[in-house]
Amino acid sequence: MINTPPQRPAWRLALLGAALTAVTATAAPDRLKALSPEAALASFRLESGLEISLVAAEPLVIDPVAFAFDETGGLYVVEGRGYPDPIAGEPTTEGRVARLEDTDQDGRFDRRTEFATGFTYPNGVLPWRGGVFVTCAPDIVYLQDTDGDGVADIRRVVLTGFSDSKTSQIRMSHPVLGLDGWVYVTSGLNEGKVSSPLHPERPPVAFSPTDSRFHPDTLEFQTTGGRGQFGLSFDPFGRRFICSNRHPVRHVVLERSHLQRNPHLPFTETMQDVSPVEAEAKVFPISGASTTADFIPELMGRSHTGTFTSACGVEIFLGTALTPGHVGNAFICEPAQNLIQRQILRPDGVSFRSEPAYDGREFLASSDEWFRPVFLQHGPDGALYLADMHRRVIDHAQYVPEGIRPTMDFQSGKDSGRIYRIARAGFGPRAHRPLADFAGDSMTGQLCDALNSAEEWERRTAHRLLLERADPAATAPLKGNVLHAPQAESRVRSLWLLHSLGRLDLATLMRALRDKAPGVREQAVLLTERACHESEPLAQAVAVAANDEDMRVRLAAALVLGSMPDRTALPALARIAARDGADRWIRAAVLSGVNGRLTGFLDAFRASLAGDERAADAVMQDLGRLFGVAATLAECRQLFSDVLKGGAEETRGIVTTLGLVQGLAARTEVTRGRNVLRALLPEGQAPDADRALERFIGTTAAFGAREDAPTAMRIAAAGVLGYTDFDRAGAILVGMMDARQPIELQLEAVSALTRFSDPRAAHFLTGKKVWNRYTPRTKTAVISALVSKSEFIEVLLQAINDGVVKATDIPSVWRQRLMKHAKPDIAARANELFAPLEGGDRMKVYQSHLPLLREAADPDQGKAVFLRVCSACHTLGGVGGKVGPDLSGVRNQPAEALLLHIIVPNYEVLPAYQTVTVERRDGGILSGWMVAETDNSITLRTAHGTEETVLRPSIQHITNAGISLMPDGLEQAMTRSELAALIAYLKSDS
């Protein structure tokens, strides 16, 4: 439930008033007025050689947020008239679905039918069986007109339980029919507990924020990989792309179902950022608009002018009305800054990378601040169509401080809206063949022919209609398409249709597995996942696909092989791992399929090694960890015995051991308090095994000390040494913490020293000679280490008492935990040291520092302060860490707001940056903010910038204190003049 924020004191309202003054001062009077549709066209700056035309405007359409063409060319439009939804009180029911028609075929819609009304905040539409699915959380609704009057007389909730507790910006949306015949929807970054009222016998599916899909006929519901906000699109070969505000293009690489088949695999990711993100996701507006968040203290770090702040509606363009160079490009709406960006996708391993098509300008930008593009779609004529919600203010009131909400115009534009069409110059309105005109016995054949169209809209629509008809007569022409269609896009659609209709035979699938197009082979491999269990030829063909020249085909093969019997699967999986194991996605795909057969896979992998050392080392480290977590102690000992016998190269043995001890360390029932490495020796600890262990430790220590060795391998060596003891490895690890060593090596040395639980390590970490030499990132890691072990806490408190460590260096979340420590003596000392910080009135401190804002300050001096005090966690100008919010663009914030968040960091903390603390069963403690989670594990980003994945079975407790990792009292880490200089730097253009 959304709670109304607390009322602000007078000083706070004055600050917000200053922010509002800054906003309104940037807006010229003529920019506050709506432009007519004709004038709006003149405000556009479009890529050269293209034309934009108006196809619908008010009063024919109001506040369009999504649309879909049906097979007749009619346009179903979802209207978000109720946006923004009220912060408190009952939701409005102003949302509508209209159907538009172009009766005179002049390229502009001229007739409107009110298809359905009374919705709260609808946001997506998909034609199906003569009606449409509409997404409107908490429901997905099916609408149909059965009596021909143009108004839906069937209105049926088919799925319900999608969360609607957050604003209407953050809800399930974007229904899109996939190649597999399922309808995919984005989560809106939201959770749910979904069921079908039409199938009460099915249990509800509960899920944390993740995307999902449903079958349009059976209404079966499943969660999927990815977590999109408002935007979902497929490329011709079924690869799914999504987006969120600061992440313009993301590719869903893996599905949750594949990761879940191995509960011991500590891998949580399902999607890869394809585009630059956050501060690197540059846009080039021409409207002069400043995003509201740039001026509002509550949104500091969330949204920034000149970068994507509201990325939505991502669409992979596959039509013919632009140019061949546009086909396969991604187009992304940015309504907050009145533009659409074009990005060019290029292959990158099993995924993609993209970059803007041009520098310094956009595909489409408007000088009109009312232009709010939110949705893109292919049209029947091959053009790119876009929905302009057309609002004076697009921000939701929830994200604006309540003190200035009454002064902002959330209403203007609720009576307008536009839909535009973009095509190459001279293309003009073009008649298209309505697929609904196909009739009689020849309709099925004609639809199969339409799959061969050069036009993506025709291919998609024919695909849908063939699914709806489910006509057995489609079998022969679809098989003909798979064998002979000139376009790979047509062959792959025909292949999936045969599967969906239950008509895909072995011969056709085998032919597709040999198709000349990698995208067809990729999809053919995925289609074998169930059938290969019952067909030896198919199983053999998938094994052959493990050697395919295309990396994505090999990824598909790994996913399928993971569900196949050992006899065929393990050697093929091993070959993929040996070739591609350096790629994290393929490595995860392979290892997701080896649960319960680790030793068999290990044997096959060793037999397949062919020279790629990076792949071999990466696989063996992860495989070692799986052994540690899931294998029997005897199997773990055998693997370690192989290492000690020299059965692996030096680096291979180190990374294998690191993974093995990392996995085994959490199994306290196996280690029973023993040193993990010693627990891996045979029972009785024979002298020869003892000597072999000592030799291995010596070799590892020597390797870690070698400055000419690869950094990654030195990091692994440091990790292994952390499972020995301070006497053996302390000196080596201390040497690794020299400031001249790579930062990642220093951080691993800190972690290794922490694992000793030896007070001597804590004394070193808090020593006078080293404390003031730490870089910000290293110091943050050291502090996290010192507070995570009870053996270290007393040393830390003494160092604070002695003045070596400042109390302000310790983040508030840890200060509070120490003040409430279970040991009374520790709690008493912590209260004595931290009470002035935690118990003091931070607002009084803020007020006392306000006068320094009137002092002259040097931004160059402030840059040095930023690098010393802030850069471990925050990025500015491309420099710094990624623990906290990116500060690029905060120069628009009032100086008072910057000062407030420096001195009172817990005044308001965005949920994404609230501290989560995980206590592991082995006694270890991690703190950070959660970046990913699956049913098997969670991943935290720690205060020193590393990401740590914890398997759920190893978690003792999780707590969320709702506070920031940023410490209170940060002003004590600098002089008043330095603080003034820091604020001057943050507000400069540097």
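Two strands count as paired if at least two bridges are found between them. I start with that rule and keep it beside me. The model I am reading is predicted.

**Entry 1: a first pair of strands**

I looked up strands β4 and β5. β4 covers residues 75-79 and β5 covers residues 95-101. Five bridges join them, and the two strands run antiparallel. That passes the rule of at least two bridges. I then picked one residue, Val78, and looked across. Opposite Val78 in β5 stands Val97.

Next I asked which sheet holds this pair. β4 and β5 belong to an open sheet of four strands, in the order β3-β4-β5-β6. The pairing in this sheet is antiparallel. β3 (64-69) and β6 (111-119) stand at the edges. Each has a single partner strand, so one side of each is left without a neighbour in the sheet. From one strand to the next, the twist averages 20°.

**Entry 2: a sheet of six strands**

I moved on along the chain. Here six strands form an open sheet. I wrote down the order as β7-β8-β9-β10-β13-β14, with antiparallel pairing. The edge strands are β7 and β14 (205-207), and each pairs on one side only. The twist averages 25° from one strand to the next.

**Entry 3: β8 and its two partners**

I stayed with β8, which covers residues 131-136. On one side I checked β7, residues 124-128. β7 and β8 pair in the antiparallel sense over five bridges. I noted two facing pairs. Leu126 has Phe133 as its bridge partner in β8. Pro127 stands opposite Val132 in β8.

β7 and β8 form a hairpin, with two residues between them. I checked the turn as well. Arg129 in the turn has a positive phi of about 50°.

Then I looked up β9, residues 139-144. β8 and β9 also pair in the antiparallel sense, over six bridges. The bridge partner of Val134 in β9 is Val141. This pair is a hairpin too, with two residues between the strands.

Is β8 covered or open to the outside? I found that β8 is mostly covered, with six of its six residues buried. Its residues point two ways. Gly131, Phe133 and Thr135 point one way. Val132, Val134 and Cys136 point the other way. All of these residues are buried.

**Entry 4: one residue in a helix**

I chose Ile576, which is found in helix α12 (residues 566-580). Is Ile576 buried or exposed? The cut-off for buried is under 20% relative accessible area. Ile576 has 0% relative accessibility, so Ile576 counts as buried.

Which residues touch Ile576, leaving aside its neighbours within four places in sequence? I listed Ala546, Arg554, Ala557, Ala558, Leu561, Gly581, Ile586 and Val590. I also took one distance, to Phe605. Ile576 and Phe605 are 29 residues apart in sequence. In space they are 9.2 Å apart, C-alpha to C-alpha.

**Entry 5: two helix pairs**

Two packed helices are described by the angle between their axes and the distance between the axes. I looked up both values for two pairs.

The first pair is α27 (residues 790-801) and α29 (residues 824-838). Their axes come within 11 Å and cross at roughly 30°. Angles under 35 degrees count as roughly parallel. That makes α27 roughly parallel to α29. The crossing is left-handed. From α27, the contact is made by Ile793, Glu794, Leu797, Gln798, Ile800 and Asn801. From α29 come Asp825, Ile826, Arg829, Ala830, Leu833 and Phe834. By class, this contact of α27 with α29 has seven nonpolar, two polar and three charged residues.

The second pair is α21 (residues 711-721) and α22 (residues 726-736). They pack at an angle of about 140°, with their axes 10 Å apart. The crossing of α21 and α22 is left-handed. α21 brings Arg714, Ala718 and Leu721 to the contact. α22 brings Ala729, Ile732, Leu733 and Met736. The residues of the contact of α21 with α22 divide into six nonpolar, no polar and one charged.

**Entry 6: the whole protein**

Last, I stepped back. How many helices and strands does the protein have? I noted 33 helices and 35 strands. Of the 990 residues of the protein, 59% count as buried. I also looked at contacts between residues at least 6 apart in sequence. Among these, 65% join residues at least 24 apart.

How values were computed
Residues numbered from 1 in each chain as written. Predicted model: local features only at pLDDT ≥ 70, side-chain atom pairs only at ≥ 80, totals over all residues. Heavy atoms only, no water. Axes fitted to C-alpha atoms, helices over the stretch in contact; angles between N-to-C directions. Parallel < 35°, antiparallel > 145°, perpendicular 65-115°, else oblique. Left-handed = near helix turned anticlockwise from the far one by under 90°. Contact = heavy atoms within 4.5 Å. Nonpolar A, V, L, I, M, F, W, Y, C, P; charged D, E, K, R; others polar. Buried < 20%, exposed > 50% of the residue type's maximum accessible area, 1.4 Å probe, protein only.
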